[in-house]
Amino acid sequence: MTALRVFASIALLAAGSFGLYELVESPRSDAFQPVVTHGTGPVVALTFDDGPTRGVTDRVLDVLEREHVHATFFVVGRAARREPALLRRMAADGDEIENHSDTHPHLNVLLSPALDAEIVNTDDAIHAATGRGTSWLRPPFGARNAAVLDAARRHGKRVVLWTAMLDETSPHASPDALANRLLRQVQYGAIIVLHDGDQGRSQAGGRAYEAGLTAQVISALRARGYRFASLAELDRIARPAR
Ligand SMILES: [Zn+2]
């Protein structure tokens, strides 16, 4: 079993083909249920991955506060340890803080102790800063296999991906073009991802522009009749109490 897992990890590392991506990492893949990718109704969840980053996340929080939008931040543990004050501000503002791993690896290639540490260390960083626990895991790159889903379940997390993500393959496209491409992916119950960091590094680097689109994305969605919900609210709407 262990040998098989090691082999599977190596095969995953080596292959990297689109087919494999579609199966294992694409939000469209339903190979590994249950994974939440959307809700329902004229409502969307705005989520931010890979931060917090000083100078970037602060600006996002300013916009969210001004627009009275509550978002969900999938923070990276190593960044959370560096910027606890930003986490405290998220909590004070009414935003949700969730788990995006500790060092932003492909979780698919990790074996159990390392996989657990990625989840637990991030929870510990969030708890140390805010006193809060987390309910959701968003695996970096959307990478999830049976071991990842099992680890999430053991740690009491649900796995959530996304519906709409900024096109990162055209870095020279104008902000307007990028925002429009993002908005074309949005439908009822969409879970939108923007990045307020770069894999938990101290600088957002080439991704800083994404956070700068926050206000534009909010106003464009409002103009189309959408309202904003946190992930927990979106989930309640999508799964009415029985
Ligand atoms: Zn990420």
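**Stop 1: an exposed start at H68**

Select H68 first. With 9 other C-beta atoms within 10 Å, H68 is exposed, because a residue with 12 or fewer such neighbours falls in that class. You are looking at a predicted model, so treat each stop as a feature of that prediction. H68 sits in the loop between helix 3 and strand 2. Its phi is near 55°, a positive value in a residue other than glycine. Most residues other than glycine have a negative phi.

**Stop 2: the whole chain**

Now zoom out and colour by secondary structure. The protein chain holds 11 helices and 8 strands. Of its 242 residues, 43% are buried. Next, think about who touches whom: among contacts with a separation of 6 or more, 76% join residues 24 or more positions apart.

**Stop 3: the loop after strand 1**

Go to D50 and P52. Both D50 and P52 lie in the loop between strand 1 and helix 3. Is D50 buried or exposed? D50 counts as buried, with 27 C-beta neighbours inside 10 Å. Like the residue at our opening stop, D50 is not a glycine and has a positive phi, here near 85°. Then show the backbone from G51 to P52: the peptide bond is cis, with omega near 0°. Most peptide bonds are trans.

**Stop 4: the nonpolar core**

In soluble globular proteins, nonpolar side chains tend to be buried together. Select V44, A45, V75, A80, L87 and I192: these residues have the most contacts inside the largest nonpolar core, which has 57 residues. Helix 6 gives this core its largest share, 5 residues. Keep A80 selected and display its surroundings. Leaving aside neighbours within four places in sequence, A80 is in contact with P52, V75, L87, T122, A125, I126 and A129. P52 is the proline of the cis bond you just visited.

**Stop 5: two strands side by side**

Select strand 2 (residues 72-75) and strand 3. They pair in the parallel sense over 4 bridges, and F73 stands opposite I97 in strand 3. In a regular strand the side chains alternate between the two faces of the sheet. Which residues of strand 3 lie on each side? E96 and E98 are on one side, I97 and N99 are on the other, and all are buried, so both faces are covered.

Follow the chain onward to N108, in the loop between strand 3 and helix 6. With 23 C-beta neighbours inside 10 Å, N108 counts as buried. Try a distance label from N108 to A143: they are 35 residues apart in sequence and 5.9 Å apart in space, C-alpha to C-alpha.

**Stop 6: a pair of helices**

Two packed helices are described by the angle between their axes and the distance between the axes. Select helix 3 and helix 5 (residues 84-93). Their axes come within 11 Å and cross at roughly 10°. The two helices are therefore roughly parallel to each other. T57, D58, L61, L64 and E65 of helix 3 make the contact with L86, R89, M90 and D93 of helix 5.

**Stop 7: helices with two sides**

An α-helix has 3.6 residues a turn, so residues three or four places apart point the same way. Look down helix 7 (residues 146-154), where V148, L149, A151 and A152 are buried. These residues fall within an arc of 160°, so they line one face of the helix. A146, D150 and R154 are exposed on the other side. The cover over the buried residues includes helix 6, strand 4 and strand 5. Just after helix 7, find G156, with a positive phi of about 75°.

Now select helix 10 (residues 214-223). Its residues T214, V217, I218 and L221 are buried. Why do they share a side of helix 10? They cover an arc of only 100° around the axis, which puts them on the same side. On the other side, S219 and A223 are exposed. The buried residues pack against strand 1, helix 3, helix 8, strand 7 and helix 9. G225 follows helix 10, and its phi is positive, near 90°.

**Last stop: Q203**

Finish at Q203, in the loop between strand 7 and helix 9. Q203 counts as partly exposed, with 13 C-beta neighbours inside 10 Å. Beyond its neighbours within four places in sequence, Q203 is in contact with T53 and D198. For a final distance label, choose A79: Q203 and A79 are 124 residues apart in sequence and 10.0 Å apart in space, C-alpha to C-alpha.

Note on methods. Residues are numbered from 1 along each chain as its sequence is written. This is a predicted model: local features need pLDDT of at least 70, side-chain atom pairs count only at pLDDT 80 or more; totals for chains, interfaces and linings use all residues. A residue is buried if 20 or more other C-beta atoms lie within 10 Å of its own, exposed if 12 or fewer, and partly exposed in between; C-beta atoms are placed from the backbone. Two residues are in contact if their C-beta atoms, placed from the backbone, lie within 7 Å. A nonpolar core is a set of buried Ala, Val, Leu, Ile, Met, Phe, Trp, Tyr and Cys residues joined through C-beta atoms within 7 Å. The arc is that of the directions from the helix axis to the C-beta atoms. Two strands pair if DSSP finds at least two bridges between them. Axes are lines fitted to C-alpha atoms, for helices over the stretch in contact, and angles run from 0 to 180 degrees between N-to-C directions. Angles under 35 degrees count as roughly parallel, over 145 as roughly antiparallel, 65 to 115 as roughly perpendicular and the rest as oblique.
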